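Reader: I would like to understand the wording used for this model, and how each term follows from a value. Could we take the terms one at a time?

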Amino acid sequence: MKQYQLSVGEKKFVGSHLLVAMVALAIGTLFGPLQAFEHAGWDFYPYLKPLLKSYYQGLTIHGVLNALVWTTFFIMGFLTFNVIFGLKRPLKNPTLNKVGFWVMVVGVVVTAIPILTNEATVLFTFYPPLKASWMFYAGLTLVVVGSWVEGWGLFMTYSAWRKENATERTPFIAFGSLVTALLWQICTLGVAVEILTMLLPWSLGLIDGVDPQLARTYFWFTGHPLVYFWLLPAYISWYAMLPKQAGEGKMFSDSLARLSFWIFLVLSTPLGLHHQYVDPGVPPVWKFIHSMLTFGVFFPSLMTAFTVIASLEHAGRKQGGKGTFAWIGKLNWSDPSVATQLLAGILFFFGGIGGLANASYNVNLVLHNTAFIPGHFHLTVATAVTLSFMGISYWLVPYLTGKKLWGRKVAVAQAWTWFIGMIIFSNAMHVLGLLGAPRRVPLGLAPYVPAEWNSRLFQVGVGGAILFVSAILYFIVMVKTALNKETVAEEVEVPIAQPMQDPALGPVWLDRWAPWIYGALALIVLVYGPVLFDLIKNIALTSPGFRVW
Amino acid sequence: MSAQKMHIDIYERNWMIFSAIMIVGFAITVSVAAFGMGIQVPAPEQRVDPKTVATDPNSPWSNPGLREIAPGKYDAYILARAVPSWEYLPKELTVPAGSKVTFYVTSSDVQHGFKIQDTNANFMVLPGQVSKLTITFKNPGTYNFICTEFCGVGHGVMYGAIIVTP
């Protein structure tokens, strides 16, 4: 049976997302090693003075481009592909999606101008009263609004498909993508309110001050579910694509995979206060309630771990793998798309454990705002997510362009160098955090660094160097593929792992949106409502802005 | 009405039960520590005006420093600031071993952090808010307190010390 075909225009549209994402990653990644080298005592910033004013301008570029631009563009492109290919129908209103995309692109440009001219050295958390140029806030707003519009386009497409297929189950990759887009619509309300009611009017001079505690609370309303917005697209690939690529495996449990996505939708927003355990203006009882819900959201991740590993085991045994663990060796490790995602999954295991430590109301006191935190999120967003997205691009780019992937072995080496570099880098960062090293500090220069940190700081530099090599390999493979004269004979097969059970035999309530959306909103009102109500009731717009960079 | 039931493999069911037990175990551990072992996190204490907090003569942060309120018990008013330079006022506090010190920390400009090395004191310092936490210093030594939130280009040099004398 021939697979469903995207039109040339649709492929170009998805590809445009990937292009913007990769340009952002290329620039953003360039600055990663500069931070890591600085820690090891090899400070290149003085030589970059004409271009870069400070360590923190570099860190802002690194954080905004990698964590916000690379992820959001790659994800919107991948979700769009999944909805079209999964539902086997074109977008209902392609113009709407195009408008959304271009609004996002304009947003990125408007955000980038003040960052590059050192008018927005506020890092990717942009905590007020650090006051950036108004363009920074306006640009971020456009990126979010554009992604909303694209999401609406996907929902309209689903609604049209539903009318045409009243009784069918939503195909899994489309289902997961729609839940991800839905999660994004709900959780970005926080940062939208933060920017539109405080930061933008303040930066334009319409109001004199802001309330930093309220701003932080709005920010983390979005900030934690943002993590799941990054992660769920990787989960879609791990659940429903990777087992097929790894050895013709099937998805172990379709209905539990769907259930875990709905639990993520319900639980990922009402727990943002676990980023604010040590904020002065938030009552401890709410911090505690959010900490309990944070443990709750660990449950669907554990379900995911089971289903994904069981599906991979199915693939491994199909390839003749035996024993309790020996089947792992039979997986298709020579395929770079498989190697990247398997290695990403292994490091995510440690990222998850570190996340539990952060989420713990008490243990967090040792870790809060230490180097442990960037150590942690380099395992999650910078590996589980980013390395998986790189892996997806190893088949998706040839699929979209019709060009053969250049340098499969180079790409496999890319996966392993990322894995090894990240182990060294991230382990050293975690240990530094436990020893008390703060995050966001040029530790090579800080006056209070004791000698016992030095060996770990050196490892940060070594890990950063290996990661830099890996990033260069990735971009060589991508550019060489784009320029490849060798085309693929037939359209690249989209890897889809069929479920072991017919999804039609699963319960109908897994395909109903309303109860889950109402549940998510009700829980948000319940556990965020009182906190926000109190903070808004007592709002004090007393903080004027500062430009301290 | 749905005739279809969710299919759950026996191993998967066991894994989910195990996961749930593990998570409940974590939650209990954290709760016991939070309520039974005196773990403190900052709670809403007082709102101040960051524009005047360092200058108003009625504000304790116009004259930051240690106040002995009873033998061996101190209140420490500390001002964190990035303007005109990145520093804590005062930069150094000296107390005898065994002292119980309650910190009241606020900022006159941007967000800062306050982490006393080798203790459980680690909290945010926000303009407009007061962060309060009590620590007993049992052992003599020098305890650096460092800024843990980005507060401008001088963030990395912002620190102070508590000197605990025998």
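**Terms and the values behind them**

Author: We can begin with one residue pair in this predicted model: B:G113 stands opposite B:M124 in β7(B).

Reader: How do you know that strand β6 of chain B and β7(B) pair, and in which sense do they run?

Author: Two strands pair if at least two bridges are found between them. Strand β6 (residues 112-116) of chain B and β7(B) have four bridges, in the antiparallel sense, and therefore they count as paired.

Reader: What makes β4 and β7 of chain B edge strands?

Author: The open sheet of chain B has five strands in the order β4-β10-β9-β6-β7, with mixed pairing. Both β4 (92-96) and β7 (122-125) pair on one side only, and these are the edge strands. From one strand to the next, the twist averages 20 degrees.

Reader: Why is α7(A) called roughly antiparallel to α17(A)?

Author: Helix α7 (residues 212-240) and helix α17 (residues 514-537), both of chain A, pack at an angle of about 155 degrees, and their axes are 10 Å apart. Angles over 145 degrees count as roughly antiparallel, so α7(A) is described as roughly antiparallel to α17(A). The crossing in which α7(A) passes α17(A) is left-handed.

Reader: Which residues make the contact between these two helices, and how do they divide by class?

Author: From α7(A) come A:Q213, A:L214, A:T217 and A:F221, while α17(A) contributes A:Y528, A:V531, A:L532, A:L535 and A:I536. In the contact of α7(A) with α17(A), seven residues are nonpolar, two are polar and none is charged. Because Leu, Phe, Tyr, Val and Ile count as nonpolar, A:L214 and A:F221 of α7(A) belong to the nonpolar class, as do A:Y528, A:V531, A:L532, A:L535 and A:I536 of α17(A).

Reader: How many residues of chain A are in contact with chain B, and which helix of chain A gives the most to that side?

Author: There are 60 residues of chain A in contact with 59 residues of chain B, where a contact requires C-beta atoms within 7 Å. At least two residues of that side of chain A are supplied by each of α7, α9 (254-267), α10 (284-296) and α11 (298-318), and α10(A) gives the most, with six residues. The side of chain A that touches chain B has 39 nonpolar, 16 polar and five charged residues.

Reader: Into which domains is chain B divided, and what separates their centres?

Author: Chain B is divided into domain 1 (1-39) and domain 2 (60-165), and the centres of these domains of chain B, taken over C-alpha atoms, are separated by 40 Å.

Key
Residues are numbered from 1 along each chain as its sequence is written. Chains are lettered from A and ligands numbered from 1 in the order in which they are written. This is a predicted model: local features need pLDDT of at least 70, side-chain atom pairs count only at pLDDT 80 or more; totals for chains, interfaces and linings use all residues. Axes are lines fitted to C-alpha atoms, for helices over the stretch in contact, and angles run from 0 to 180 degrees between N-to-C directions. Domain bounds come from an automatic or database domain assignment. Angles under 35 degrees count as roughly parallel, over 145 as roughly antiparallel, 65 to 115 as roughly perpendicular and the rest as oblique. A crossing is left-handed if the near helix is turned anticlockwise from the far one by less than a right angle, and right-handed if clockwise.
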